[in-house]
Amino acid sequence: MTRTLFAGGAVFDGTGSAPSSADVLVEDGLIVDVGSGLDADDEVDCAGTTVLPGLIDSHVHVLFSGVNVLRMMQTPFSYPFYEAVHNLRTTLDTGITNVRDASGADLGVAQALRDGLIAGPRMQISISMVSQTGGHGDGWQPCGAVMPLLASHPGRPSTIVDGAGDMRRVVRELVRAGADVIKVATSGGVLSPRDDPRHGHFRDAEIAVLVEEATAAGLFVMAHAQATDGIKVAIRNGIRSIEHGIYLDDQAIEMMLQAGTWLVPTLSAPRAVITMADSGVPMPAAVISKARMVLESHDDSVGRAITAGVKIAMGTDSGVGPHGDNLSELGLMANLGMSALGAWHASTASAAELLGISDEFGTLEPGKRADLLVLEGSASDLVNLRDRVRAVYQDGSLVGGAPSSAQESTH
Ligand SMILES: [Zn+2]
């Protein structure tokens with residue numbers, strides 16, 4: 001058995017302690033030890049770098065490649081599956097070794113990854129977002145045409161639902177289709193032209209059934225929740241994470257603290273929409289004006305949640321914006337008061353806890369799987385992170401980054 005030592009770097013182990021110089025010993029895809037004076041067969045020189053657990057993005061859409069509506073209308077049905085291969089590769093090269101897909105990817109994509117047919121982060125899939133009529137997942141356009149961001153197909157059931165009875169069936173269909181997590185929109189959103197991010201969607205009776213059915217299948221629930229009412233209905237009914245959390249009032253923050261609800265801020269998302277609009281990408285006018293409208297409230301809410309100590313996991317909504325820009329989310333969180341080490345923690349141990357995978361991922365500790373990011377420079381510097389990804393490992397194997405600069409030697 002080859003024992004490989006990642007030697008000479010600073011180690012951010014995700015356990016809450018500050019980075020310190022140490023070596024990480026890996027054998028058979030597992031972390032064996034973290035410390036000094038460790039014996040190994042191979043050595044990876046990590047001098048000048050920080051060695052971190054593989055990162056986790058809790059909110060991506062690997063089948064989305066931007067939200068240019070005109071382009072989407074002209075894109076053949078199956079093309080996004082091929083784009084996903086590219087998007088997954090790009091995400092892996094960014095240092096991200098686990099993701100939660102917040103709608104779009106189906107069991108075929110997940111299985112291709114799990115079988116090693118394509119390369120990418122490990123992925124939990126939600127397949128399709130549960131949404132009420134006129135809600136965030138409803139593709140109805142003012143002209144009368146229906147144009148969902150991704151069309152339904154046998155592996156991606158339609159999830160527009162009204163009423164508790166139908167809700168039970170829809171969640172069961174998602175479970176049948178292979179969902180690892182259930183996603184629901186409990187408020188309007190930015191990308192859907194005919195709803196309002198300030199309006200709560202679904203009533204308690206509907207969400208209670210959704211959570212009951214997900215729980216029966218052993219699945220967590222994530223809620224696209226922007227409106228204050230939509231956030232509260234999610235928390236009240238035991239939903240695990242609030243995605244976006246744009247209009248958090250003090251009561252909602254208190255409810256999250258009490259219930260232990262997670263926040264996945266996705267600060268990158270409205271910025272990505274505004275950047276695309278400014279560069280002339282065709283988008284519905286309502287989408288552009290909503291992105292501008294929510295920006296300030298979003299930052300204010302997330303800043304107050306950070307100060308209050310709400311549990312936060314990093315998520316980007318990549319796919320709305322470009323895949324590969326994921327790590328800019330850390331700087332955005334830091335701008336709102338999170339420490340640099342807090343941002344790394346949100347991207348490693350915290351995200352692993354949210355996804356329910358912390359027995360295997362999220363920290364560098366003996367027995368954990370050897371997913372590693374070798375990052376040039378110090379973890380306290382969040383600038384130009386993407387360019388500083390030197391090497392990415394899954395289960396101890398080099399899978400991404402810029403490996404030509406990683407010096408491997410045998411001794
Ligand atoms: Zn999203």
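Begin by selecting strands S4 and S5, which form a hairpin with two residues between them; helices (H or I, at least four residues) and strands (E, at least two) are DSSP runs numbered from the N terminus. In the turn, Asp28 has a positive phi of about 55°. The model is a predicted one, in which local features need pLDDT of at least 70 and side-chain atom pairs count only at pLDDT 80 or more, while totals for chains, interfaces and linings use all residues. Residues are numbered from 1 along each chain as its sequence is written.

**The hairpin and its neighbour**

Extend the selection to residues 30-35, which make up S5. S4 and S5 run antiparallel and are joined by five bridges; two strands pair if DSSP finds at least two bridges between them. Highlight Glu27, whose bridge partner in S5 is Leu30.

Next, add strand S1, residues 3-7, which pairs with S4 in the antiparallel sense over four bridges. Here Phe6 has Val24 of S4 as its bridge partner. Now show S4 alone, residues 23-27: four of its five residues are buried, so the strand is largely enclosed by the rest of the structure. A residue is buried if 20 or more other C-beta atoms, placed from the backbone, lie within 10 Å of its own, exposed if 12 or fewer, and partly exposed in between.

**Two residues with positive phi**

Most residues other than glycine have a negative phi. Select His244, in strand S13 (residues 241-244), where phi is near 85°. His244 counts as buried because it has 31 C-beta neighbours inside 10 Å.

Move to Thr266, in the loop between strand S14 (262-264) and H8. Thr266 is not a glycine, yet has a positive phi of about 50°. Thr266 is also buried, with 30 other C-beta atoms within 10 Å.

**Helices H8 and H9**

Finally, select H8 (residues 268-278) and H9 (residues 285-308), whose axes come within 9 Å and cross at roughly 140°. Axes are lines fitted to C-alpha atoms, for helices over the stretch in contact, and angles run from 0 to 180 degrees between N-to-C directions. H8 and H9 are therefore oblique to each other; angles under 35 degrees count as roughly parallel, over 145 as roughly antiparallel, 65 to 115 as roughly perpendicular and the rest as oblique.

To view the contact, display Pro270, Val273, Ile274 and Ala277 in H8, which meet residues of H9 including Val287, Ile288 and Leu295; two residues are in contact if their C-beta atoms, placed from the backbone, lie within 7 Å.
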